[in-house]
2 protein chains.
Amino acid sequence: MAEASAASEACCPPADPAPDLRPVEGAEADDELAALAKAIGHPARVQILRLLVRRTSCVCGDIVDELPLAQSTVSQHLKVLKDAGLVRGSVDGPRVCYCIEPRTLRRLKALIGGL
Amino acid sequence: MAEASAASEACCPPADPAPDLRPVEGAEADDELAALAKAIGHPARVQILRLLVRRTSCVCGDIVDELPLAQSTVSQHLKVLKDAGLVRGSVDGPRVCYCIEPRTLRRLKALIGGL
DNA sequence: TTCGGCCATCGCCGATGCACGATAATGACC
DNA sequence: GGTCATTATCGTGCATCGGCGATGGCCGAA
């Protein structure tokens with residue numbers, strides 16, 4: 001398995017048949033919703049999320065020069081999104097390909113919808 | 001109108017025929033979503049929101065002894081929610097009746113749904 | 001008028017967030 | 001080997017958050 005990792009589609013697999021099993025209310029759901037909301041509680045992170053949803057590209061560098069922020073700041077925001085589970089990063093040679101995690105995004109929508 | 005203000009239904013009018021007009025994406029939508037998400041980015045505020053949605057009561061005092069927090073802290077959280085437009089407070093005699101703002105909540109759902 | 005309950009606000013503290021520049025780590029390429 | 005490009009991490013400064021107790025304002029009741 002040397003090559004064959006084309007890195008154009010492989011980093012963001014859309015396959016996701018898993019259903020949401022956890023409840024949308026209760027103490028755990030409250031904490032979960034608060035954590036997710038906190039993660040997107042910054043305009044820069046909302047912009048990053050939208051960029052990744054549109055999938056024009058998922059390379060970190062492209063995100064950096066799309067935002068009026070320093071590279072280290074963008075990396076920090078990406079880390080917040082990654083810790084929240086909203087985003088996934090795949091190392092692809094010297095670059096890192098970021099993409100959204102559809103499951104977490106759907107989970108967020110379900111939690112918000114349960115309000 | 002001395003009595004007749006039973007404070008059970010009058011403070012939270014469910015009437016809300018207004019549709020959402022603003023777009024769900026763009027720079028303003030990003031800021032709006034980030035501000036709303038930040039407002040609910042704390043477990044205590046999520047709990048408060050749920051309490052108000054359930055409408056078991058909307059009096060501030062009831063919220064205070066439903067949460068393991070001091071009265072001033074709850075008041076602070078209520079202020080955050082009120083500044084975000086998610087909650088409205090009506091002075092009703094010596095008490096204050098809080099209730100959710102359905103328009104803002106629907107707006108939040110629309111913004112999340114637009115992701 | 002005075003008292004007491006209800007709520008908002010203030011002041012304070014420690015903890016966290018956000019931005020940046022500088023530096024390190026990784027991998028491709030010559 | 002060396003070099004360049006890309007990204008993560010560290011350290012720092014400043015601002016904001018989150019909690020509390022204490023205080024003050026407001027209204028109704030006595």
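This short talk goes through chain A of a predicted model, and then through two helix contacts, one of them shared with chain B.

Let me begin with the overall layout of the chain. The secondary structure of chain A amounts to five helices and two strands, and if you follow the sequence from its start, these elements come in the order α-α-α-α-β-β-α. Chain A has 115 residues, of which 37% count as buried. If we take the contacts in chain A between residues at least 6 apart in sequence, 61% of them join residues at least 24 apart. As for the surface, chain A exposes about 6400 Å², and carbon and sulfur atoms supply 55% of that area.

I will turn now to a contact within the chain, that of helix H2, residues 43–54 of chain A, with helix H4, which covers residues 71–83. The axes of H2(A) and H4(A) come within 10 Å and cross at roughly 75°, an angle that falls in the 65 to 115 degree range, so H2(A) is roughly perpendicular to H4(A). From H2(A), the residues taking part are A:Ala44, A:Arg45, A:Ile48 and A:Leu49, and on the H4(A) side they meet A:Val74, A:His77, A:Leu78, A:Val80 and A:Leu81. Sorted by class, this contact of H2(A) with H4(A) has seven nonpolar residues, one polar and one charged.

One residue here deserves a closer look, namely A:His77, which lies in H4(A). Is A:His77 buried or exposed? Its relative accessible area is 10%, and the cut-off for burial is under 20%, so A:His77 is buried. Leaving aside residues up to four places away in sequence, A:His77 touches A:Ala44, A:Arg45 and A:Ile48, and also A:His42 and A:Leu69.

The second contact joins the two chains, where helix H1, residues 27–39 of chain A, packs with helix H2, residues 43–54 of chain B. Their axes are 8 Å apart, and the packing angle is about 120°; this lies outside the 65 to 115 degree range for roughly perpendicular and is not over 145, and H1(A) and H2(B) are therefore oblique to each other. The crossing in which H1(A) passes H2(B) is right-handed. On the chain A side we find A:Ala29, A:Asp30, A:Asp31, A:Leu33 and A:Ala34, and these meet B:Pro43, B:Val46, B:Gln47 and B:Arg50 of H2(B). The classes in this contact of H1(A) with H2(B) come to five nonpolar residues, one polar and three charged.

Notes. Residues numbered from 1 in each chain as written. Chains lettered and ligands numbered in written order. Predicted model: local features only at pLDDT ≥ 70, side-chain atom pairs only at ≥ 80, totals over all residues. Heavy atoms only, no water. Helix = DSSP H or I, 4+ residues; strand = E, 2+ residues; numbered from the N terminus. Buried < 20%, exposed > 50% of the residue type's maximum accessible area, 1.4 Å probe, protein only. Contact = heavy atoms within 4.5 Å. Areas by Shrake-Rupley, 256 points an atom, 1.4 Å probe, with all protein chains shown as cover. Axes fitted to C-alpha atoms, helices over the stretch in contact; angles between N-to-C directions. Parallel < 35°, antiparallel > 145°, perpendicular 65-115°, else oblique. Left-handed = near helix turned anticlockwise from the far one by under 90°. Nonpolar A, V, L, I, M, F, W, Y, C, P; charged D, E, K, R; others polar.
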